[in-house]
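Open the structure in your viewer and keep the selection tool at hand. The stops below say what to select next and what is there.

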Amino acid sequence: MKKSCFFYRKKKYSLVQNGVVTKKSPSNIALIKYWGKQKNKIQIPSNSSISYSLGKVYTVTRLIYHLRKKKKRSIRIFFSGKENTSFLPKILEFFHRISLYCSYLRDFNFVIETKNTFPHSSGIASSASSMSALALCIMEIEKKLVSSLEEDFFLRKASFLARLGSGSACRSIYPGLVVWGGHKSIKGSNNLYAIPYPYKIHPIFTKMGDTILVIDEYPKKILSSKGHQLMIHNPYAKERFRCAKKNMDRLISILKMGDLQEFGELIEHEALTLHAMIMTSYPYFLWMKPNTLHVLYKVWDFRKQSKKNIYFTLDAGANVHLLYPIQEIVSIRKWIYSDLFSYCKKIIESFCQ
Ligand code: PMV
């Protein structure tokens with residue numbers, strides 16, 4: 001039996017009531033990046049990835065469901081109190097993809113009310129937190145139908161559903177370090193849903209500061225779904241996937257041993273590799289802005305002079321995440337506000353836990 005079949009919910013359940021469920025879910029920042037999907041498969045990554053779920057940076061979603069009387073389904077989306085139709089195609093596609101696994105959804109019309117704790121137009125990817133919060137809401141409805149639903153299954157299926165909305169969203173279901181994608185030396189890792197990182201983590205990595213430097217507030221010009229697709233013809237893709245595998249093995253040993261310098265080198269290398277992939281795709285893009293580069297050079301200089309353990313990682317955009325041991329936050333915060341503030345539109349203090 002195919003593994004995804006475990007998640008089928010075809011039986012006719014009768015939920016005759018209207019109702020409301022509310023869930024929250026964090027954003028995450030990948031250390032080993034997911035970039036590129038397997039061809040002709042739905043949301044199956046070309047390499048495994050690992051991320052930290054973030055504190056303070058999350059989406060809260062209220063899902064209101066009404067029994068459907070008319071044939072045509074209605075889904076309305078409100079973002080920060082205002083109706084937003086631009087998310088509708090993505091949400092409709094998501095409901096379509098998961099219908100096989102959540103047949104009960106067909107009986108309802110939905111109102112989705114969602115808000116983020118991070119500022120609107122901060123350039124922080126909200127698809128991970130919003131799709132995972134929505135997947136958790138849907139599982140909350142399933143829980144009302146199936147009284148014997150176990151917690152493990154609840155989370156696993158939430159991650160499975162979230163993945164079908166946005167790949168990296170499947171990692172936001174769990175706190176801490178989370179792995180998605182089958183990797184031979186990580187027990188239980190698989191392509192269908194994420195799992196909490198199952199091995200020993202040195203205490204230095206159990207809580208790290210993550211200061212997000214918002215350099216570009218406006219949404220990126222290229223959607224990540226399009227970017228993933230470009231990997232199919234990227235001449236360096238094969239080598240990238242091989243490298244990601246090697247980096248994952250390296251990270252397992254770093255996390256165990258607590259080697260911060262190696263950790264920093266690895267995550268910076270991963271971040272720059274992600275950007276190299278979009279720059280060498282066709283058509284090509286450049287996510288960094290001049291201020292991104294200013295910040296990266298400043299980080300390297302400061303690290304050299306101060307010997308502080310502060311490292312950057314990047315998402316699919318111009319913004320910079322600075323990671324450092326939480327114990328060093330006071331001096332690092334002081335430096336960020338004195339030396340980096342002028343390059344940023346906003347600064348968001350978060351943490352990885
Ligand atoms: O989940 P998507 O399709 O938006 O892809 C996001 C990929 C990166 O954020 C760039 C990397 C990652 O692993 O989160």
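Start by selecting C102, which is buried, with a relative accessible area of 0%. The model you are looking at is a predicted one. C102 is placed in the loop that runs between α1 (88–98) and β5 (108–116). Now add P89 to the selection. Along the sequence P89 and C102 are 13 residues apart, and in space their C-alpha atoms are 19 Å apart.

**The ligand**

Next, select the ligand and the residues around it. How many residues surround the ligand? There are 14, and the closest are Y34, S168, R171, S224 and D315. Colour this shell by class and you should find five nonpolar, six polar and three charged residues.

Three of the contacts can be checked with the distance tool. For Y34, use the backbone: one of its N or O atoms lies 2.9 Å from an oxygen atom of the ligand. For S224, use the side chain, where a polar atom lies 2.8 Å from a ligand oxygen. For D315, again use the side chain: an N or O atom there is 2.9 Å from an oxygen atom of the ligand. On its own the ligand has 380 Å² of accessible area, and the protein covers 93% of that.

**Aromatic rings**

Leave the ligand and show the aromatic side chains. A search of the whole structure finds 15 aromatic pairs. Select Y282 and Y284 to see one of them. The ring centres of Y282 and Y284 are 6.2 Å apart and the planes stand at 70 degrees; an angle over 60 degrees counts as edge-to-face, so this pair is edge-to-face.

Are Y282 and Y284 buried or exposed? Y282 has a relative accessibility of 71%, and the cut-off for exposed is over 50%, so Y282 counts as exposed. Y284, at 58%, counts as exposed by that cut-off too.

Stay here and select P283. The peptide bond joining Y282 and P283 is cis, with omega at about 0 degrees. P283 lies in the loop between α6 (260–279) and α7 (290–306).

For a group of rings, select Y65, F94, F95, F108 and F110. Ring pairs link these residues into a cluster.

**Charges over rings**

Two lysines come next. Select K24 and Y58: K24 lies over the face of Y58, 4.2 Å from the ring centre. Then select K143 and F154. The charged end of K143 sits over the ring of F154, at 5.2 Å from its centre.

Keep F154 selected. F154 belongs to helix α3 (residues 151–165). Its relative accessible area is 4%, and under 20% counts as buried, so F154 is buried. Add Y101, which is 53 residues from F154 in sequence; the C-alpha atoms of the two are 13 Å apart.

**Two positive phi angles**

Now look at the backbone. Which residue lies in the loop between β1 (19–32) and β2 (49–67)? Select Q43, which has its place there. Q43 is not a glycine, yet its phi is positive, at about 55 degrees. With a relative accessibility of 5%, Q43 counts as buried.

Go on to K56, found in strand β2. K56 is another residue other than glycine with a positive phi, near 70 degrees. Its relative accessibility is 48%, which lies between 20% and 50%, so K56 counts as partly exposed.

**Two helices**

The last stops are in helices. Select L255, placed in helix α5 (residues 237–257). At 0% relative accessibility, L255 counts as buried. Add H202 to the selection: L255 and H202 are 53 residues apart in sequence, while their C-alpha atoms are 5.8 Å apart in space.

Finish with Q305, which is in helix α7. Is Q305 buried or exposed? Its relative accessibility is 68%, so Q305 counts as exposed. Select S46 as well and draw a line between the two C-alpha atoms. How far apart are Q305 and S46? They are separated by 39 Å in space, and by 259 residues along the chain.

Conventions:
Residues are numbered from 1 along each chain as its sequence is written. This is a predicted model: local features need pLDDT of at least 70, side-chain atom pairs count only at pLDDT 80 or more; totals for chains, interfaces and linings use all residues. Side-chain values use heavy atoms; hydrogens and water are left out. A residue is near a molecule or strand if one of its heavy atoms lies within 4 Å of it. A polar contact is a pair of N or O atoms within 3.5 Å; within protein, one must be able to donate a hydrogen and the other to accept it, and residues adjacent in sequence count only if both atoms are side-chain atoms. Accessible areas come from the Shrake-Rupley method with a 1.4 Å probe; for residues, only the protein chains shown count as cover. Ala, Val, Leu, Ile, Met, Phe, Trp, Tyr, Cys and Pro count as nonpolar, Asp, Glu, Lys and Arg as charged, and the others, Gly among them, as polar. Rings of Phe, Tyr and Trp (its six-membered ring) pair if their centres lie within 6.5 Å; planes under 30 degrees apart count as stacked, over 60 as edge-to-face and the rest as tilted. Buried means under 20% relative accessible area, exposed over 50%, partly exposed in between (1.4 Å probe, protein chains only). A charge sits over a ring if NZ of Lys or CZ of Arg is within 6 Å of the ring centre and within 35 degrees of the ring normal. Helices (H or I, at least four residues) and strands (E, at least two) are DSSP runs, numbered from the N terminus.
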